[in-house]
Amino acid sequence: MKKTIPVIGMACVVCAANVENTLRKLRGVNSATVTLSTRTVLVDYDPDVITLDDMKREVSNAGYDLVVENDRNAEEINRREYTLLRRRTLLSWLFAALTMYFGMCGDGTFNNQICLILALLNMFYCGRRFYVSAAKQITHCTANMDSLVALSTLIAFLFSTFNTFFGEAVWGARGIEWHTYFDASVMIITFVLTGRCLEEKAKDSTASSIRQLMGMQPKTARIVTHEKMEGTDDYRMEKVPISTIQIGDTIEVRAGEKIPVDGVVCAAESFMTADAAYVDEAMISGEPTPAMKKAGDTVLAGTIPSQGKLRMRARQIGENTALAHIIRMVQEAQGSKAPVQRIVDRAARVFVPTVAAIALLTFCVWWAVGGNAALPQAILSAVAVLVIACPCAMGLATPTALMVGIGKAAQKQILIKDASALENLHKIQALVVDKTGTLTIPNPNIDFTRPSDIPLEERETLKPNAKEAMAQLQSAGIEVYMMSGDKEEAAHYWAAEAGIRNYRSKVLPGDKQALVQQLQSEGKRVAMVGDGINDTQALALADVGIAIGRGTDVAMDVAQITLMGDDLMALPEAVKLSRRTVRMIWQNLFWAFVYNIVCIPLAAGALHIFGVDFQITPMWASALMAFSSVSVVLNSLRLRYA
């Protein structure tokens, strides 16, 4: 059984790895994949062996929280957490301003003691979560970004406290210049909190596609009761929450209202037609023209009658509606991991211990070279290294880009099952496309009640923009192969109509699979597009299987990508989106790694080796660290407007 569960309390990619490892160790959990950008975990588990409450208990012991209760709303919890984070950030800025003011007045004992109190208050109230989280990590022999923040601020605070009471006696008596660094301790917390505020705000924008899909579900529905209205033959209606709707209930939906569940039309009327209503299904199928619905026709949750009104009988409710399935598919896709992310995750697991080792080495080198006189500089350099290192930027590089890319695809009626499909699609060199039902559809202008001697150019017609779509794919360097069970002349005709140079006629399901295998044996990455049961072998074998949403359920189950509408321009659009998303991932990873490669040595004071008197201070290190995470998220958001 698979379930997407919200996670509370994660701050960086190491946190995500800790939650994953905690769940994966549990008996009955087959797999667990955490996505930091969505703050969720996709768990595949056996409910007969382990319960959600068992998972929650283990994750809570590790310092995090799973929202598994029905009466708890993760979105509301995150909203409250963000409000509290914002308040603590504003208060931390106040402490920072006061600490900077008293610190600039000199290193007098009174001023230092005031700064000590301000720093202590800032740590206790504004930065308390860092220390609580770090303590829990220690008990589990792990560490995360909170551990680095807690360690660096504690070192700066304790060293400054020591100098406040013993600095003159210890350092001054030896002629060594000494200072307090309460401002660094306070500003580290202030900048980290500010960065997380901005990061949370930006990450919230990446989830807009899911919120738009969920917004398509109405909160209430108009149920037709069994009680007749006085003086009429019609029945009374009652507005009820959609959660109370049962299969078989009769529901009335009027123009402009959202259809609450999937169902079958019982009766319909509009000012144009006495026995039909017109429903806007663009959000599901992508079709701009409202579809006419008569008694017996199927209607889907989230679609809207644009003219007239209809009565329908509920057929699929709750999580079983087509809209709920789409939302679930997008959530699972956004929560899945691309192959490149797994490399980053492995690096992130050793990142915090490595940074701690570099900080310790920095301290030892400064102390060894400069002796006791360099001890204050050694401590500050180590603190700067601890602060500036940022696994968050690396952890956010891939999932934020994937989340935006998959969400944007959903808005274009392109449903992507997992991140691997989106990443693999950009490598495609050959596309095998089925003809009937994929490239062509029955001609709507033909009366099929006539005898079966209707000529074949007349029976079928190309789907909207099919020729333009094939042209764009081929101009993008992708070889297109059309497969058809028709005889040679018909296959040749439709290939020419669609602008496809390579085609095969009289093919069986095994022939489609054989072509995919042949192209793969030539070293090509192959995508297969189909809509029927006869395409499933090839869809399963292809590097990327793409199904047409109006095809069979079997084809859609096998495929990794589903095109919901009949407009084939979604194909080149999916390829372009894949290429843009992967390019964005590598941009994010490049800058995240370059940031650490460049900034860690600068924080350690490496330029002093070359006689350059420049070093990043702990205060500026915290600002740069916060900026790196925010910049990765903002860069990913550019996909929304590409």
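What share of the contacts in the protein between residues at least 6 apart in sequence join residues at least 24 apart? In this predicted model, the figure is 68%. The protein has 23 helices and 22 strands. Its C-alpha trace spans about 110 × 75 × 45 Å along the principal axes. Of the 642 residues, 52% are buried. The structure holds zero disulfides. Two of its cysteines can be placed by accessibility. C15 is buried, with a relative accessible area of 0%. C115 is also buried, at 4%.

Aromatic contacts come next. The structure contains eight aromatic pairs. One of them joins W93 and F191. Their ring centres lie 5.6 Å apart, and the planes meet at 90 degrees, an edge-to-face arrangement. This pair links distant parts of the chain. W93 belongs to helix α3 (residues 74-104), whereas F191 belongs to helix α7 (residues 182-206). The two residues are 98 residues apart. Their surroundings can be compared by accessibility. W93 is partly exposed, with a relative accessible area of 36%. F191 is buried, at 16%. A further pair is formed by Y101 and F102. Here the centres are 5.2 Å apart and the planes stand at 80 degrees, so this pair is edge-to-face as well. Y101 is exposed, with 52% relative accessibility. F102 is partly exposed, with 21%.

Charged groups also meet aromatic rings. The charged end of R88 sits over the ring of Y125, at 5.2 Å from the ring centre. R128 lies over the face of F124, with a distance of 5.8 Å to the ring centre.

Two helices were examined for length and burial. Helix α23 (residues 618-637) contains 20 residues. From its first C-alpha to its last it reaches 29 Å, close to the 28 Å expected at 1.5 Å a residue. Of its 20 residues, 15 are buried, so α23 is largely enclosed by the rest of the structure. Helix α19 (residues 509-521) has 13 residues. At 1.5 Å a residue these should span 18 Å, and the end C-alpha atoms are 19 Å apart, which agrees.

The buried residues of α19 are K512, L515, V516 and L519. They cover an arc of only 95 degrees around the axis, which puts them on the same side of α19. An α-helix has 3.6 residues a turn, so residues three or four places apart point the same way. The cover over the buried residues of α19 includes strands β15 (430-434), β18 (479-483), β19 (502-504) and β20 (526-530). Helix α20 (536-541) is also part of that cover. Just after α19, G523 takes a positive phi of about 90 degrees.

G523 is also among the residues that Q429 touches. Q429 lies in the loop between α15 (419-425) and β15. With 35% relative accessibility, Q429 is partly exposed. Its C-alpha atom is 4.8 Å from that of I478, although the two are 49 residues apart along the chain. Beyond residues up to four places away in sequence, Q429 touches G477, I478, E479, G523, K524 and R525.

A second loop residue, S484, lies between β18 and α18 (488-498). S484 is buried, with a relative accessible area of 2%. Neighbours within four places in sequence aside, S484 is in contact with K435, A491, R504, S505, K506 and V507.

One of these partners, K506, has a positive phi near 55 degrees, in a residue other than glycine. K506 is found in the loop between β19 and α19. K506 is exposed, at 59% relative accessible area, whereas S484 is buried. N465 is another non-glycine residue with a positive phi, near 60 degrees. N465 sits in the loop between β17 (460-462) and α17 (466-475). N465 is partly exposed, with a relative accessible area of 33%.

Conventions
Residues numbered from 1 in each chain as written. Predicted model: local features only at pLDDT ≥ 70, side-chain atom pairs only at ≥ 80, totals over all residues. Heavy atoms only, no water. Phe/Tyr/Trp six-rings, centres within 6.5 Å; stacked < 30°, edge-to-face > 60°. Helix = DSSP H or I, 4+ residues; strand = E, 2+ residues; numbered from the N terminus. Buried < 20%, exposed > 50% of the residue type's maximum accessible area, 1.4 Å probe, protein only. Lys NZ or Arg CZ within 6 Å of the ring centre and 35° of its normal. Expected span 1.5 Å × (residues − 1). Disulfide = S-S within 2.5 Å. Arc of directions from axis to C-beta. Contact = heavy atoms within 4.5 Å.
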